[in-house]
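This report follows one residue outward to its helix, its chain and the neighbouring chain. Please keep the sequence and the structure in view while reading.

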Amino acid sequence: MAYSTKVIDHYENPRNVGSFAKDDPTIATGMVGAPACGDVMKLQLKINDQGIIEDAKFKTYGCGSAIASSSLVTEWVKGKSIDEAALIKNTDIAQELALPPVKIHCSILAEDAIKAAIADYKQRHGN
Amino acid sequence: MNYFQLFHLPAQFELDLTELGTRYLELQRQFHPDKHAAGSERDKLMAVQQAANINDAYHSLKQPLLRAEHLLALRGLKISNEQRSFMEPAFLMQQMELRELLAEISDAADPDALIDEADQQIQQQKKALLRQLQSALDANNPEHDHQAADIIRKLKFFFKLQHELELIEQTQD
């Protein structure tokens, strides 16, 4: 399958790979997986007390499109409020990376990772 | 199409693979397109179609996850081709740790020891999940069918891990 140049760029030079300490109260962790292909994605957001995402890291085991989708998302969420980040849609990700239809689920995974991280943050901060 | 019916087998998860193989050969013989070569165009077409159905059915029934998915589909719960994300943090965290373990193998001083450790963990979990799947499907009610669907989703991750481990083992040789 032919990957777009943007996917290859993110795959070869993934941005913000790694992990934050899980027990840091400013860190929210979103874990998602795709049973169909066995991909696993972890997205962590560092959120300040104004609810702004200051930093983001990811770790993804999966295909090039899954890695590129999560890498792109870490760039996009930085500087956004959690409410703004929650508005990122998988279609935006798929369009930016020119994902073919069979790889749309990778962008869904990345969108769901943002949602899972925000849910984790809200749960920990009691709202 | 009900694959169990096609193979005259009870619609349940437990299956005798030898019996499945025997039925497959019988059906293949019965519907082999060559046997219908003298028939009408319609007969020939039906034989070709039936031969394809038999192959699909055999392929699905032979593999435990596809068999379980087919059984659920017959009960009205269709989960094959679903694109929904799986979101159970504890399970996914464990998957992430197993993936990390696999990633360590290539640089390890004793890769075989890590391969054995990973293999043992994967096999153990797979076995336990397959047992749970069997009893959830045997219960045969909507609540347990939904549990079975979740167990299938989890098992898919373990089959994928097993595949990844096999690829690593090949590069180690």
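## A residue in its helix

In which helix of chain A is A110(A) found? The residue belongs to helix α5 of chain A, which covers residues 104–124. The model discussed here is predicted.

A110(A) counts as buried because 33 C-beta neighbours lie inside 10 Å, and a residue needs 20 or more such neighbours to be called buried. When neighbours within four places in sequence are left aside, A110(A) is in contact with M41(A), S69(A), S70(A), V73(A), N90(A) and I93(A). One of these partners, I93(A), is 17 residues away in sequence, and the C-alpha atoms of the two residues are 8.2 Å apart in space.

## Helix α4 of chain A

Which residues of helix α4 of chain A (residues 90–97) are buried? They are N90(A), I93(A), A94(A) and L97(A). These residues lie on the same side of α4(A), because they cover an arc of only 95 degrees around the axis. A general property of helices is relevant here: an α-helix has 3.6 residues a turn, so residues three or four places apart point the same way.

The buried residues of α4(A) pack against three helices of chain A, namely α1 (5–12), α2 (64–77) and α5. Just after α4(A), the residue A98(A) takes a positive phi of about 50 degrees.

## The nonpolar core

The largest nonpolar core has 38 residues, of which M41(A), L43(A), L45(A), L109(A), A113(A) and A117(A) touch the most other members. The elements of chain A that give two or more residues to this core are the strands β1 (27–34), β2 (39–47) and β3 (53–61) and the helices α2, α4 and α5. Of these, α5(A) gives the most, with 10 residues.

What does A113(A) touch, not counting residues up to four places away in sequence? Its partners are G30(A), V32(A), M41(A), L43(A), S70(A) and V73(A). Apart from the largest core lies another, of 17 residues, among them A136(B), A148(B), L155(B) and F157(B).

## Chain A as a whole

Chain A has 5 helices and 3 strands. Read from the N terminus, its elements follow the order α-β-β-β-α-α-α-α. Of the 127 residues in the chain, 47% count as buried. Among contacts between residues at least 6 apart in sequence, 63% join residues at least 24 apart.

The C-alpha atoms of chain A fill a box of roughly 45 × 25 × 25 Å along the principal axes. A compact globule of 127 residues would have a radius of gyration near 14 Å, and chain A agrees with this because its own value is 14 Å.

## Where the two chains meet

The contact between the chains takes 16 residues from chain A and 15 residues from chain B. On the side of chain B that touches chain A, the elements giving two or more residues are α5 (89–105) and α7 (142–172) of chain B. The largest share, 6 residues, comes from α5(B). The residues on this side of chain B divide into 8 nonpolar, 3 polar and 4 charged.

## Confidence in the model

The model scores ipTM 0.88 and pTM 0.90. Chain B averages a pLDDT of 93, and 99% of the residues score at least 70. Among the elements of chain B, helix α3 (residues 41–62) has the lowest mean pLDDT, 92, whereas helix α4 (residues 64–74) has the highest, 97.

Key. Residues are numbered from 1 along each chain as its sequence is written. Chains are lettered from A and ligands numbered from 1 in the order in which they are written. This is a predicted model: local features need pLDDT of at least 70, side-chain atom pairs count only at pLDDT 80 or more; totals for chains, interfaces and linings use all residues. Helices (H or I, at least four residues) and strands (E, at least two) are DSSP runs, numbered from the N terminus. A residue is buried if 20 or more other C-beta atoms lie within 10 Å of its own, exposed if 12 or fewer, and partly exposed in between; C-beta atoms are placed from the backbone. Two residues are in contact if their C-beta atoms, placed from the backbone, lie within 7 Å. The arc is that of the directions from the helix axis to the C-beta atoms. The radius of gyration is taken over C-alpha atoms; the globule rule is 2.2 Å times the number of residues to the power 0.38. Ala, Val, Leu, Ile, Met, Phe, Trp, Tyr, Cys and Pro count as nonpolar, Asp, Glu, Lys and Arg as charged, and the others, Gly among them, as polar. A nonpolar core is a set of buried Ala, Val, Leu, Ile, Met, Phe, Trp, Tyr and Cys residues joined through C-beta atoms within 7 Å. pLDDT is the predictor's confidence in each residue, from 0 to 100.
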